[in-house]
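Me: I have a few questions about how some labels on this model were reached. Could you walk me through the reasoning?

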Amino acid sequence: MTPKQPKAPTPAATRDVKAKKPKLVRDSFTIPKDEYAVIETLKQRSAALAQPVKKSELLRAGLKVLAAMSDAALRSAVQAVPSIKTGRPKADAAPATPVPATKTTTKATRK
């Protein structure tokens with residue numbers, strides 16, 4: 001008798017071995033307009049370097065740079081950023097009190 005040859009892995013078995021994608025998290029934050037404009041400038045610079053980038057990719061790249069800094073450099077970078085009030089900004093042109101809508105009705109009068 002000849003010994004049995006091991007079977008080659010099936011395509012379904014190799015699919016199970018693939019690395020799982022990292023779980024994504026959605027978040028929102030408040031940022032001053034002038035700093036937000038820097039994001040657009042960096043996107044344009046990146047596109048000019050033949051490396052188009054999304055806003056989230058820029059922010060993630062910035063996190064990698066911050067994480068690679070020494071503690072002293074990180075402290076200096078964080079101290080250079082002014083603290084801002086958190087939460088949603090109030091609308092500047094919004095009226096303080098809502099104006100009630102006037103109801104106009106047209107009734108046919110019977111005689």
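Me: Why is Val 65 called exposed?

Reply: Happy to help, and do keep in mind that this is a predicted model. Val 65 has a relative accessible area of 52%. Exposed means over 50%, so Val 65 earns the label. You will find Val 65 in helix α3.

Me: What makes the nonpolar patch on the surface, and how much accessible area does the patch have?

Reply: The patch is formed by Leu 63, Val 65, Leu 66, Met 69, Leu 74 and Val 78, with about 500 Å² of accessible area together. A patch residue needs over 30% relative accessible area. Val 65, at 52%, is over that cut-off, so the value fits. Helices α3 and α4 each supply at least two residues of the patch, and α3 gives the most, with three.

Me: Why is Ser 46 called buried?

Reply: The relative accessibility of Ser 46 is 13%. Buried means under 20%, so Ser 46 falls on the buried side. Ser 46 sits in helix α2. The C-alpha atoms of Ser 46 and Leu 58 are 9.4 Å apart, with these positions twelve residues apart along the chain counted as their separation.

Me: How much of the protein chain is buried?

Reply: Buried residues account for 4% of the 111 residues in the chain. The accessible surface comes to about 11900 Å², and 59% of that belongs to carbon and sulfur atoms.

Me: What makes Ala 50 stand out in its phi, and is Ala 50 buried or exposed?

Reply: Ala 50 has a positive phi of about 60 degrees, although it is not a glycine. Most residues other than glycine have a negative phi. As for accessibility, Ala 50 reaches 64%, and the cut-off for exposed is over 50%, so Ala 50 counts as exposed. Ala 50 belongs to the loop between α2 and α3.

Me: Which helices line the largest pocket?

Reply: The elements that give two or more residues to the lining are α2 (33–48), α3 (55–68) and α4 (71–79). Helix α3 gives the most, with eight residues. The pocket has a volume of about 1300 Å³. Its lining holds 27 residues, and Phe 29, Ser 56, Leu 59, Arg 60 and Leu 63 lie nearest the centre.

Me: How do the lining residues of that pocket divide into nonpolar, polar and charged?

Reply: There are 17 nonpolar, four polar and six charged residues in the lining. Leu counts as nonpolar and Arg as charged, so Leu 59 and Arg 60 fall into those two classes.

Me: Lastly, how many helices and strands does the chain have?

Reply: The chain has four helices and zero strands. Read from the N terminus, the order of elements is α-α-α-α.

Conventions. Residues are numbered from 1 along each chain as its sequence is written. This is a predicted model: local features need pLDDT of at least 70, side-chain atom pairs count only at pLDDT 80 or more; totals for chains, interfaces and linings use all residues. Side-chain values use heavy atoms; hydrogens and water are left out. On a 1 Å grid over the protein atoms alone, a cavity is a set of points where a 1.4 Å probe fits but cannot get out, and a pocket is an open set with protein on both sides within 12 Å along at least five of seven lines; lining residues have an atom within 4 Å of a point. Grid points are joined across faces, edges and corners, and a volume is the space filled by probe spheres set on the points. Patches are made of residues with over 30% relative accessible area and no salt bridge: like charges are joined within 9 Å, nonpolar side chains (Val, Leu, Ile, Met, Phe, Trp, Tyr) within 5 Å. Accessible areas come from the Shrake-Rupley method with a 1.4 Å probe; for residues, only the protein chains shown count as cover. A salt bridge is a side-chain nitrogen of Lys or Arg within 4 Å of a carboxyl oxygen of Asp or Glu. Buried means under 20% relative accessible area, exposed over 50%, partly exposed in between (1.4 Å probe, protein chains only).
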